[in-house]
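Welcome, and thank you for taking a look at this protein with us. Please keep the sequence and the 3D view open while you read.

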Amino acid sequence: MSFLKKLFGIGDSSPREQAPPPSQEHKGFTILATPFQAQGRWQLCGILQREIDGAIKEHKFIRADAFGSEDEAIEMTFFKGRQIIDQQGEALLNKVP
């Protein structure tokens with residue numbers, strides 16, 4: 001039984017290392033693609049980050065767009081992130097949630 005637990009990770013309390021989300025740089029911002037599965041499709045979701053005065057500021061975004069593959073959702077997240085940065089620039093980091 002312990003062999004099966006190790007094989008399938010059942011009862012393993014050690015934290016698993018997760019790969020960092022795919023990222024892309026654009027105009028001093030880092031775009032992190034964080035799509036997730038919802039109803040069998042991949043939902044467009046991401047985080048825009050920029051270091052300002054030594055602190056990392058973030059703007060999270062999610063859109064209604066859904067895709068059949070994770071790769072497609074990642075590419076469209078980068079596209080939408082670049083579009084948001086081009087339209088709003090640093091002003092998007094100054095918004096109160």
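A good place to begin is one pair of facing residues: Thr-30 stands opposite Gln-49 in strand E4. Strands here are DSSP runs of E with at least two residues, helices are runs of H or I with at least four residues, and both are numbered from the N terminus. Strands E2 and E4 pair in the antiparallel sense, with 4 bridges; two strands count as paired if DSSP finds at least two bridges between them.

Before going further, a word on the model. This is a predicted model, in which local features need pLDDT of at least 70 and side-chain atom pairs count only at pLDDT 80 or more, while totals for chains, interfaces and linings use all residues. Residues are numbered from 1 along each chain as its sequence is written, and side-chain values use heavy atoms, with hydrogens and water left out.

**The whole chain**

The protein chain has 2 helices and 5 strands, and from the N terminus on its elements follow the order α-β-β-β-β-β-α. Of its 97 residues, 29% are buried, where buried means under 20% relative accessible area, exposed means over 50%, and partly exposed lies in between (1.4 Å probe, protein chains only). The accessible surface comes to about 7000 Å², and carbon and sulfur atoms account for 51% of that surface; such areas come from the Shrake-Rupley method with a 1.4 Å probe, and for residues only the protein chains shown count as cover. Among contacts between residues at least 6 apart in sequence, 41% join residues at least 24 apart, a contact being heavy atoms within 4.5 Å.

**Strand E2 and its hairpin**

Why is E2 described as largely enclosed by the rest of the structure? The reason is that 5 of the 5 residues of E2 are buried. Both faces of this strand are covered, with Phe-29, Ile-31 and Ala-33 buried on one side and Thr-30 and Leu-32 buried on the other.

Besides E4, strand E2 (residues 29-33) has E1 (residues 23-26) as an antiparallel partner, joined to it by 4 bridges. Within this pairing, Phe-29 in E2 is the bridge partner of His-26. The hairpin of E1 and E2 has 2 residues between the strands, and Lys-27 there takes a positive phi near 50°.

His-26 itself lies in strand E1 and counts as buried, at 17% relative accessibility. Leaving aside neighbours within four places in sequence, His-26 is in contact with Ile-31, Arg-82, Ile-85 and Asp-86.

**Charged pairs**

How many salt bridges does a search of the whole structure find? The search finds 2, a salt bridge being a side-chain nitrogen of Lys or Arg within 4 Å of a carboxyl oxygen of Asp or Glu.

In one of them, the side chains of Asp-86 and Lys-27 meet at 2.9 Å, N to O. This pair links distant parts of the chain, since Asp-86 is in helix H2 (residues 70-88) and Lys-27 in the loop between E1 and E2, 59 residues apart.

Arg-50 forms a salt bridge with Glu-90, where the closest N and O atoms are 3.2 Å apart. Arg-50 lies in strand E4 (residues 41-52) and Glu-90 in the segment after H2, so this pair ties together parts that are 40 residues apart in sequence.

Here is how accessible these four partners are:

| Residue | Relative accessible area | Class |
|---|---|---|
| Asp-86 | 44% | partly exposed |
| Lys-27 | 57% | exposed |
| Arg-50 | 22% | partly exposed |
| Glu-90 | 39% | partly exposed |

Arg-50 has another link to look for: its charged end sits over the ring of Phe-29, 5.0 Å from the ring centre. A charge sits over a ring if NZ of Lys or CZ of Arg is within 6 Å of the ring centre and within 35 degrees of the ring normal.

**Two more residues to find**

Phe-78 is in helix H2 and is buried, with a relative accessible area of 5%. Phe-78 and Gln-24 are 54 residues apart in sequence, and their C-alpha atoms are 7.1 Å apart in space. Not counting neighbours within four places in sequence, Phe-78 is in contact with Pro-22, Ser-23, Gln-24, Ile-31 and Ala-33.

Is Ile-56 buried or exposed? Ile-56, which is in strand E5 (residues 55-67), counts as exposed at 54% relative accessibility. Apart from residues up to four places away in sequence, Ile-56 touches Gln-49, Arg-50 and Glu-51.
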